[in-house]
Every structure is written in C-alpha cells, then in structure tokens.
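Grab a pencil and work through these exercises with the model on your screen. Try each task yourself before you read its solution.

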Amino acid sequence: MPWIQNSNLAYNGQNYTYDVYQQNLPNDCAVASMIMLVKHVLNRNLTRGIAQLWIRQAQQIGNADITRFANGQPLQRTAAPANAWRWGGGRGGASLGDIFFSLQRYLPQHRWLWMMPGPGSAAIPIQLANCTPQRPAIVSLNWNHNGGGHVALCLGRRPFRPEIIFLDPYHGVVACPYAPIANWLPYDTQQSSLGLGASQGMIDEALFS
C-alpha cells in the first residue's frame with residue numbers, strides 16, 4: 001500500500017492536493033483509512049504491519065464486546081496482549097468498532113468518538129460536514145449494488161463547493177454532494193481522482209477525531 005498524491009479536483013483554477021494511502025488487498029480499506037486518520041490527527045506514521053496487528057487483535061474480541069467497551073463497560077473476553085503477533089493482519093473486513101478499539105487502546109491521548117446507527121445516526125451527516133483535515137472522520141458505508149461494505153476518510157466540506165471530500169483507499173480523492181437523506185449520507189465515487197468507475201452507497205456510521 002503506497003502513499004499517492006492526487007490533485008485533479010480543481011476549483012477556480014486552483015488544485016487542492018491530498019495524500020491518499022492506497023489499499024493493495026480487497027479488505028484492507030480499514031487498515032489504510034486508519035493509517036490516514038493517524039497521520040492527519042497525530043502526524044504519526046503508522047505502519048501497515050502495526051495497523052493490521054491492532055485491528056487483528058480487536059477482531060479477536062468481537063463486535064459485541066467492543067460495543068460494551070465503547071459504552072464504558074468491561075470486556076468479557078480478554079484482549080490479545082500488545083506484543084502478541086497474529087498472522088494475517090486485519091484483512092477480514094474490519095469494522096469501525098475494530099478501528100475504535102485499536103485507537104482507544106494504543107493511542108488514548110486523543111479522544112475518539114464512535115457514532116453507530118441508531119439514536120446518534122441523525123447527527124452523523126451534520127458532523128461529517130463539520131470535519132476538517134485536522135479533525136477528520138472514518139466512515140463506514142454500504143454499497144447499493146452488491147451489499148458489500150467499504151471504509152474511507154472524511155475531510156469535511158470542500159472549499160467553495162457544497163461537497164464533502166473523502167480520501168478513499170481504492171478510488172482516491174472522492175467529492176460527494178452534501179445531500180443528507182434522513183439519517184443517511186449518500187456516497188458516490190463518480191467524481192473520484194483514480195477514475196475506477198462509479199459506485200454508489202450510503203454512509204450510516206462514523207468514527208470522529
């Protein structure tokens with residue numbers, strides 16, 4: 001997974017350049033997005049191997065226990081020790097809960113806020129619009145065409161345009177119109193810098209920094 005620089009989303013003759021960390025495996029979008037989040041928020045270079053290790057350890061706990069952890073309750077299953085290596089990385093379609101647990105466990109100096117579908121979901125589109133490159137969010141989305149999922153980094157509104165910018169580990173820089181539908185926010189890769197085709201989905205879960 002290399003870092004690439006994309007700058008083809010221009011407005012009024014000015015290019016806005018973004019660095020995107022690309023995924024090189026089908027299910028590594030969560031790993032790539034966590035690496036970008038840590039770089040933007042803490043200016044720390046998190047390696048792919050470490051990010052995979054953290055997520056893999058979170059996956060061993062399970063989503064139900066991570067939800068308990070997010071609500072301030074003790075884990076029912078003990079987390080893998082920090083020095084334990086689990087081969088295979090985080091390549092099993094990691095959830096935002098896995099990323100949240102990883103960041104809370106290893107980078108607790110920053111406040112991470114995980115907003116799941118439910119009572120808080122109505123606020124997700126509003127909060128995403130208020131993101132900045134210094135305070136981005138990781139989003140989870142469901143594709144409309146095949147029911148699969150994806151993870152990307154949200155940088156908030158694009159300057160001078162009613163759009164939200166995402167750094168997508170697969171599609172590159174993605175510009176989406178800001179048009180909330182009820183408690184959901186649409187995601188469309190038609191305006192993406194890598195030109196890998198148009199896919200549509202809906203965002204309903206986010207991890208804010």
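**Exercise 1: Buried or exposed?**

Decide whether I66 counts as buried or exposed, and find its surroundings.

Step 1. I66 has 0% relative accessibility, so it counts as buried (buried is under 20% relative accessible area, exposed over 50%, partly exposed in between, with a 1.4 Å probe and protein chains only).

Before you go on, a word about the numbers: this is a predicted model, where local features need pLDDT of at least 70 and side-chain atom pairs count only at pLDDT 80 or more, while totals for chains, interfaces and linings use all residues. Residues are numbered from 1 along each chain as its sequence is written, and side-chain values use heavy atoms, with hydrogens and water left out.

Step 2. Now place I66: it sits in helix α3, residues 63-70 (helices are DSSP runs of H or I with at least four residues, strands are runs of E with at least two, and both are numbered from the N terminus).

Step 3. Look for partners beyond four places in sequence: I66 is in contact with A58, I61, G97, D98, F101 and W114 (contact means heavy atoms within 4.5 Å).

Step 4. Take D98 from that list. Its C-alpha atom is 7.3 Å from that of I66, although their positions lie 32 residues apart along the chain.

**Exercise 2: Follow the rings**

Work out which residues form one aromatic cluster.

Step 1. Searching the whole structure gives seven aromatic pairs (rings of Phe, Tyr and Trp, the last with its six-membered ring, pair if their centres lie within 6.5 Å; planes under 30 degrees apart are stacked, over 60 edge-to-face, and the rest tilted).

Step 2. One of them is F69 with F101, an edge-to-face pair with 4.9 Å centre to centre and 70° between the planes. F69 lies in helix α3 and F101 in helix α4 (residues 96-106), so this pair ties together parts that are 32 residues apart in sequence.

Step 3. Check the accessibility: F69 is partly exposed at 27%, whereas F101 is buried at 3%.

Step 4. Next come F100 and W114, a tilted pair with 5.5 Å centre to centre and 35° between the planes. Here F100 in helix α4 is linked to W114 in strand β5 (residues 113-115), 14 residues apart. F100 is buried at 4%, and W114 is buried too, at 12%.

Step 5. Put it together: F69, F100, F101 and W114 form one aromatic cluster.

**Exercise 3: Hunt for disulfides**

Find how many disulfides there are.

Step 1. Recall the chemistry: a disulfide is a covalent bond between the sulfur atoms of two cysteines.

Step 2. Apply the cut-off, a pair of cysteine sulfur atoms within 2.5 Å: the count comes to zero.

Step 3. Try C154: its nearest cysteine sulfur, that of C131, is 4.5 Å away, and C154 is in no disulfide. With 0% relative accessibility, C154 counts as buried.

Step 4. Try C176: the closest cysteine sulfur is in C154, 9.0 Å away, which is too far for a bond. C176 is buried as well, at 1% relative accessible area.

**Exercise 4: Zoom out**

Describe the protein as a whole: how many helices and strands are there?

Step 1. Count them up: five helices and eleven strands.

Step 2. Of the 209 residues, 48% are buried.

Step 3. Among contacts with a separation of 6 or more, 57% are between residues 24 or more positions apart.
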